[in-house]
Amino acid sequence: MQRKKKWLILGILFLSSVLINLYAANNQRVETGYSTYFYSNFSPILRSFFAWAPFSIGDFIYGGLGIYLVIKLFQFCRFLFSKKRRENAREKITNSFISVLTKCCIVYILFNIFWGINYNRIGIASQLNLTINKYSLEDLKIINEVLVEKINSSKLILLKQNIAYPSTKELFIKTENAYKLLAKKYSFLEYKNAAIKNSMWGWLGNYTGFLGYYNPITGEAQINTTVPKFTQPFTSCHEVAHQLGYAKEMEANFVGYLAASISVDTLFRYSVYTDLFSYANRTLFFADSSAALQYRKKLLPAVITDFKERRKFYETHTSFAEPIVRYLYGKFLEQNQQPMGILSYDEVTAFIIAYYKKFGSI
């Protein structure tokens, strides 16, 4: 009787997962029903439950989940090598199978209801009436030239005024202020009940390649503040974009750009333009390597120094885990409407080119 009850619960959860998939299959329905109605009202409430804490509650949940999985794996291995394994192996394995599937369904349902359905929305391009077309080599060269000018001019201001990098607390406040300015231009990007936290797993992120991440269960945005300072403002803006319901990485990059570029803080503009240049220049390199190198040579020596600092940081934090994590995360992105996997971040270049063509500036 107990076994039938477990199968019944699993069946209900599986059916709920299927229904979520069917609902998410219609992009227009997701955009108007879930993203801009349910999620836009639900997410500020969710953040309000956890924004009060000066630390990331989501990180403690991740830590507890990691410990739980290690304990369960240990118990399962101990069972496999125990003397009594043959006596109840079939029943134990069946129960474990049901338990794992049930937990996976619960995680899947919560992830999608709390945030994940946003992967299927129409998104920011539609909201700004941008036409995202296949760009030409000439488009890439133009945007590289524009970004070089933006980077150099921003760096000159920073050097001339001797502007210091903000503390972690100041960084998060300035991120909120950037979105307040952005909301005056685009009201649908209003950021309520801010919950940006310093990641307690930053040291781990250094060896797995994560600059920041979003916790859909708590609504918190976590920032790795151990990486080079000039990268952090854009990362912070990127993670807030996830909080606002832009799940796809190229869209979070683009919304993050909108916020960072409108900021009154030159550090934010410098941060976003250096990141966008990295994407656009890498894309150009695959098409015309000599042209890409020529644009890199136009960067100020002080900018090159920052880029070298970033490269050195990553080189000193290499590990066997990073390519594995990147591969798995890439597969996750592919399953969530981002066929280019980990290279989806680079696709922001198409958004920037479309925005530049429409408005004449970035």
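Here are three short exercises on cavities and salt bridges in this structure, which is a predicted model.

**Exercise 1. Find out what lines the largest cavity, and sort its residues by class.**

Let's start with the count: the structure has two cavities of 30 Å³ or more. The largest of them has a volume of about 50 Å³.

Next, the walls. Y165, P166, S167, L171, K229, Q232 and P233 form the lining.

Now sort them. Tyr, Pro and Leu count as nonpolar, Lys as charged, and Ser and Gln fall among the polar ones. That gives four nonpolar, two polar and one charged residues for the largest cavity.

**Exercise 2. Work out which helices wall in the second largest cavity, and what class of residue they bring.**

This cavity holds about 40 Å³ of space. Its lining is made of I143, L147, L276, Y279, A280, V348, T349 and I352.

Now match residues to helices. Helix α6 covers 137–161, α11 covers 266–287 and α15 covers 348–359, and each gives at least two residues to the lining. So I143 and L147 belong to α6, L276, Y279 and A280 to α11, and V348, T349 and I352 to α15.

Last step, the classes: seven residues are nonpolar, one is polar and none is charged.

**Exercise 3. Take three of the salt bridges and say, for each, what it links and how buried its partners are.**

A bit of background: side chains of opposite charge can pair when their charged atoms come close. There are seven salt bridges in the structure.

*Step 1: D139 and K357.* Their side chains meet at 3.1 Å, N to O. D139 is in helix α6 and K357 in helix α15, so this pair links distant parts of the chain, 218 residues apart. D139 has a relative accessible area of 13%, so with the cut-off for buried at under 20% it is buried. K357, at 56%, is exposed, because that value is over 50%.

*Step 2: D288 and K141.* Here the N to O distance is 3.8 Å. D288 sits in the loop between α11 and α12, while K141 is in helix α6, so the pair ties together parts 147 residues apart in sequence. D288 is buried at 18% relative accessibility, and K141 is partly exposed at 24%.

*Step 3: K174 and D265.* This salt bridge spans 2.7 Å, N to O. K174 lies in helix α7 and D265 in the loop between α10 and α11, so parts 91 residues apart in sequence are tied together. K174 comes out partly exposed at 28% relative accessibility, whereas D265 is buried at 11%.

Definitions and conventions: Residues are numbered from 1 along each chain as its sequence is written. This is a predicted model: local features need pLDDT of at least 70, side-chain atom pairs count only at pLDDT 80 or more; totals for chains, interfaces and linings use all residues. Side-chain values use heavy atoms; hydrogens and water are left out. On a 1 Å grid over the protein atoms alone, a cavity is a set of points where a 1.4 Å probe fits but cannot get out, and a pocket is an open set with protein on both sides within 12 Å along at least five of seven lines; lining residues have an atom within 4 Å of a point. Grid points are joined across faces, edges and corners, and a volume is the space filled by probe spheres set on the points. Helices (H or I, at least four residues) and strands (E, at least two) are DSSP runs, numbered from the N terminus. A salt bridge is a side-chain nitrogen of Lys or Arg within 4 Å of a carboxyl oxygen of Asp or Glu. Buried means under 20% relative accessible area, exposed over 50%, partly exposed in between (1.4 Å probe, protein chains only).
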